[in-house]
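Student: I should like a close look at a single part of this structure, with its surroundings taken up afterwards. Please treat one helix and the strands beside it in a connected account.

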Amino acid sequence: MKKLVVISMLWLLAGLGGIGAACAEDFPVKSIKIVVPFPAGGTTDILARFVAQYLGAKLGVATMVENRAGASGTIGSEFVARSPADGSVLLLTATHHVINPSLYRNLPYDTRKDFSPSPWLRPRRTHLS
């Protein structure tokens, strides 16, 4: 279990490696909320709190974790889908997020259309000579 957490954190940090380039410009929001659709104290919550600490330090903004558990992740996912798409509310989720559309006919959001990476958190591509 520990090995899985370490591997997950390394993959996440590798994906966030381009944030340094994005930090050269002012970040458009004053705070970031990371929504975890699981109860507090679990592996995903621990990972979210680590990411929140890292992002807060790297971007210089207040970063908090909010747990919205229930309905197989639908409650937390719906909250994020209804939030403004300005990079201030992020979802740290697991495989149920992509499995739910095949299990439930009427989700309160469209998994494909309502969720996309914030342009502020995408790694910037640079041309290497």
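Tutor: The account below begins with the chain, turns to the chosen helix and then follows its neighbours.

The model is a predicted one. Its chain contains five helices and three strands, arranged along the sequence in the pattern α-α-β-α-β-α-β-α. Of the 129 residues in the chain, 34% are buried. The part chosen here is helix H3, which covers residues 43-59.

The length of H3 can be checked by simple arithmetic. With 17 residues at 1.5 Å a residue, H3 should span 24 Å, and its end C-alpha atoms are indeed 24 Å apart, so expectation and model agree.

Next comes the distribution of burial around the axis. The buried residues of H3 are Thr44, Asp45, Leu47, Ala48, Val51, Ala52, Leu55, Gly56 and Leu59. Because these residues cover an arc of only 165 degrees around the axis, they lie on the same side of H3. The general background is that an α-helix has 3.6 residues a turn, so residues three or four places apart point the same way. Ile46, Gln53 and Ala57 are exposed, and they sit on the face of H3 turned away from its buried side.

Beyond the helix, the chain continues with Gly60, which has a positive phi near 70 degrees. Val61 belongs to the loop between H3 and E2. With a relative accessible area of 12%, Val61 falls under the 20% limit and therefore counts as buried. Val61 and Val29 are 32 residues apart along the chain, yet their C-alpha atoms are separated by 7.8 Å.

The strands on either side of H3 in the sequence can now be added. Strand E1 (residues 31-36) and strand E2 (residues 62-67) run parallel and are joined by six bridges. Within this pairing, Ile32 has Thr63 of E2 as its bridge partner. Together, E1, H3 and E2 form a right-handed β-α-β unit. E1 also runs parallel to strand E3 (residues 89-91), to which three bridges join it. There, Val35 is partnered by Leu91 of E3. E1 is thus bridged to E2 and to E3.

On the far side of E2, the loop that leads to helix H4 (74-81) contains Ala71. Ser72 is placed in the loop between E2 and H4 as well. As a general rule, most residues other than glycine have a negative phi. Against that background, Ala71 has a positive phi near 55 degrees, and the phi of Ser72 is likewise positive, near 55 degrees. Ser72 has a relative accessible area of 35%; this value lies between the limits of 20% and 50%, so Ser72 is classed as partly exposed.

Two ring contacts complete the account. Arg68 lies over the face of Phe79, at 3.8 Å from the ring centre. The structure also holds one aromatic pair. This pair is formed by Tyr109 and Phe115, with 5.4 Å centre to centre and 90 degrees between the planes, an edge-to-face arrangement. The angle is over 60 degrees, so the edge-to-face label applies. Tyr109 and Phe115 are both buried.

Key. Residues are numbered from 1 along each chain as its sequence is written. This is a predicted model: local features need pLDDT of at least 70, side-chain atom pairs count only at pLDDT 80 or more; totals for chains, interfaces and linings use all residues. Side-chain values use heavy atoms; hydrogens and water are left out. Rings of Phe, Tyr and Trp (its six-membered ring) pair if their centres lie within 6.5 Å; planes under 30 degrees apart count as stacked, over 60 as edge-to-face and the rest as tilted. Buried means under 20% relative accessible area, exposed over 50%, partly exposed in between (1.4 Å probe, protein chains only). A charge sits over a ring if NZ of Lys or CZ of Arg is within 6 Å of the ring centre and within 35 degrees of the ring normal. Helices (H or I, at least four residues) and strands (E, at least two) are DSSP runs, numbered from the N terminus. The expected span of a helix is 1.5 Å times one less than its number of residues. The arc is that of the directions from the helix axis to the C-beta atoms. Two strands pair if DSSP finds at least two bridges between them. A crossover is right-handed if, with the strands pointing away from the viewer, the path from the first strand over the helix to the second runs clockwise.
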